[in-house]
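The report below goes through one structure by topic, beginning with the bound ligand and moving outward to the strands and to single residues. Please keep the sequence and the 3D view at hand while reading.

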Amino acid sequence: MTQDHVGHADIAHFAQDRVNLPKEKADEYRAQARRLREKLEGYLSEHPDFTLKKMLLAGSLAKGTALRSLNDIDVACYISGADAPHDVTALLTYLAERLRKAFPNFSPDQVQPQTYSVTVSFRGSGLDVDVVPILYDGDLNWYGNLISQDDGSFLETNIPLHLEFIRKRKRVQPDHFAQVVRLIKYWAARMKSANEEFRFKSFMIELILARLCDQGLDFSDYPKALQHFFTYIAKSDLREKIFFVDNYAASAVGTFNHRVQIIDPVNGANNVSRLYTDKDADAIVEVALDAGDAIDAALYAPTKQETVYYWQKVFGNSFAA
Ligand SMILES: Nc1ncnc2c1ncn2[C@@H]1O[C@H](COP(=O)(O)OP(=O)(O)OP(=O)(O)O)[C@@H](O)[C@H]1O
Ligand SMILES: [Mg+2]
């Protein structure tokens, strides 16, 4: 086995050039989200009874796992549950109306309800901000009911604790944990563009990698870490329950009959992968097997040209070393 032709450093370069969101962009988008949050804070200081209580950067920009292809900024908005509608469509209309009130310098058409979120569009520069409602009852730790972006159901969860969960793994393996997440997300995005039915949620990828991180996998050798991830998917056949005891005892983990069981690290009753059918899971296992085989072949290929050919099966034709 050799990394003579394509090694860790080549994968790291490829990630810098093609996969990662450049730092200046990430800073710019985070600043954009911060300005919105501060606007809401300003409005709240003058209207303390206002029902939108807080905005929080969520998703990949907050976790440092965003790809270059990022196309919106995820922001969670806490709404006090007592007065807000609990029907999703009505709740989104309500959220849009409240956001227009808090952001009077935005024209009303810049704030638009979508299926499960409200988009705030910035004229000219920046990305759209996707505001996702969380109904909450003043919980001190910011637990609340997040509207699922997959099916509009309410998920009892905790965004700040999710961010801390990921931060913890990033501290164990600085740079490398987040980099391997982004590389796998990039691979998954390619699989999606080849097959529109393919799905593999970013949060599931992160949680699987967190499991491998907790088991002691060294992420600092990218070819090996990637190979390990694909081997794990193939060997487990996505039938192994994954849960974490950071925020609850193992005894608090629910019993599920779903094929894929990747449990929310902040709520043992929430299976993050509950919407994944056997067909979805089998499709992931199949492409993971292909990717694992391609990396194996790359590590044994006798020439650089052949090695690159195999890595392109994983990362596409823009991969060049
Ligand atoms: N099923 C779920 N249960 C609880 N929280 C969830 C669930 N799905 C998503 N989240 C929350 O939403 C955040 C965003 O996750 P998601 O997988 O949608 O995308 P992302 O990390 O923003 O990545 P990208 O947008 O680059 O694909 C997660 O970090 C988590 O806090
Ligand atoms: Mg996102």
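## The surroundings of ligand 1

In this predicted model, ligand 1 is surrounded by 16 residues, of which Ser-60, Lys-63, His-162, Lys-185 and Ser-202 are the closest. The space that ligand 1 takes up is the largest pocket. Helix 3 (59-63), strand 7, helix 5 (159-172) and helix 7 (202-214) each supply at least two residues of the surrounding shell, and helix 3 gives the most, with three residues.

Which parts of Lys-63, Asp-74 and Phe-203 lie at short listed distances from oxygen atoms of ligand 1? For Lys-63, an N or O atom of the side chain is 2.6 Å from an oxygen atom of the ligand, and for Asp-74 a polar side-chain atom lies 3.0 Å from an oxygen atom of ligand 1. In the case of Phe-203, a backbone N or O atom is involved, at 2.9 Å from a ligand oxygen atom. On its own, ligand 1 has 620 Å² of accessible area, and the protein covers 80% of this.

## Strand 7 and its hairpin

In a regular strand, the side chains alternate between the two faces of the sheet. Strand 7 (residues 154-157) shows such an alternation, with Leu-155 and Thr-157 buried and pointing to one face, while Phe-154 and Glu-156 point to the other face and are not buried.

Strand 7 pairs with strand 6 (residues 144-147) in the antiparallel sense, over four bridges, and within this pairing Thr-157 of strand 7 is the bridge partner of Gly-144. Six residues lie between the two strands of this hairpin, where Gly-152 adopts a positive phi near 80 degrees.

## Strand 2 and its two partners

How many of the eight residues of strand 2 (residues 73-80) are buried? Seven of them are, so strand 2 is largely enclosed by the rest of the structure. The range of strand 2 takes in residue 74, and Asp-74 has been met above through its polar side-chain atom, 3.0 Å from an oxygen atom of ligand 1.

Strand 2 is joined to strand 1 (residues 52-57) by five bridges, the two running antiparallel, and here Leu-56 stands opposite Ala-76 of strand 2. With strand 5 (residues 129-136), by contrast, strand 2 runs parallel and is joined by eight bridges; in this pairing Ser-80 stands opposite Tyr-136 of strand 5.

## A buried loop serine

Ser-117 is placed in the loop between strand 3 (111-113) and strand 4 (118-120). Is this serine buried or exposed? Ser-117 has a relative accessible area of 4%, and therefore counts as buried, the cut-off for that class being under 20%. The side chain of Ser-117 also makes a polar contact, at 3.0 Å, with the side chain of Asp-130.

## Two residues toward the start of the chain

Gln-3 lies in the segment before helix 1 (8-19) and is partly exposed, with a relative accessible area of 27%. Although Gln-3 and Lys-304 are 301 residues apart in sequence, their C-alpha atoms are 10.0 Å apart in space.

His-8 belongs to helix 1 and, at 23% relative accessibility, also counts as partly exposed. The C-alpha atom of His-8 is separated by 10.0 Å from that of Ala-225, a residue 217 positions away along the chain.

Methods
Residues numbered from 1 in each chain as written. Chains lettered and ligands numbered in written order. Predicted model: local features only at pLDDT ≥ 70, side-chain atom pairs only at ≥ 80, totals over all residues. Heavy atoms only, no water. Buried < 20%, exposed > 50% of the residue type's maximum accessible area, 1.4 Å probe, protein only. Pairing = 2+ DSSP bridges. Near = heavy atom within 4 Å. Polar contact = N/O pair within 3.5 Å; in protein donor to acceptor, adjacent residues only side chain to side chain. Areas by Shrake-Rupley, 256 points an atom, 1.4 Å probe, with all protein chains shown as cover. 1 Å grid on protein atoms, 1.4 Å probe; cavity = no way out; pocket = protein on both sides within 12 Å on 5 of 7 lines; lining within 4 Å. Sits in = over half its atoms within 2 Å of the grid points.
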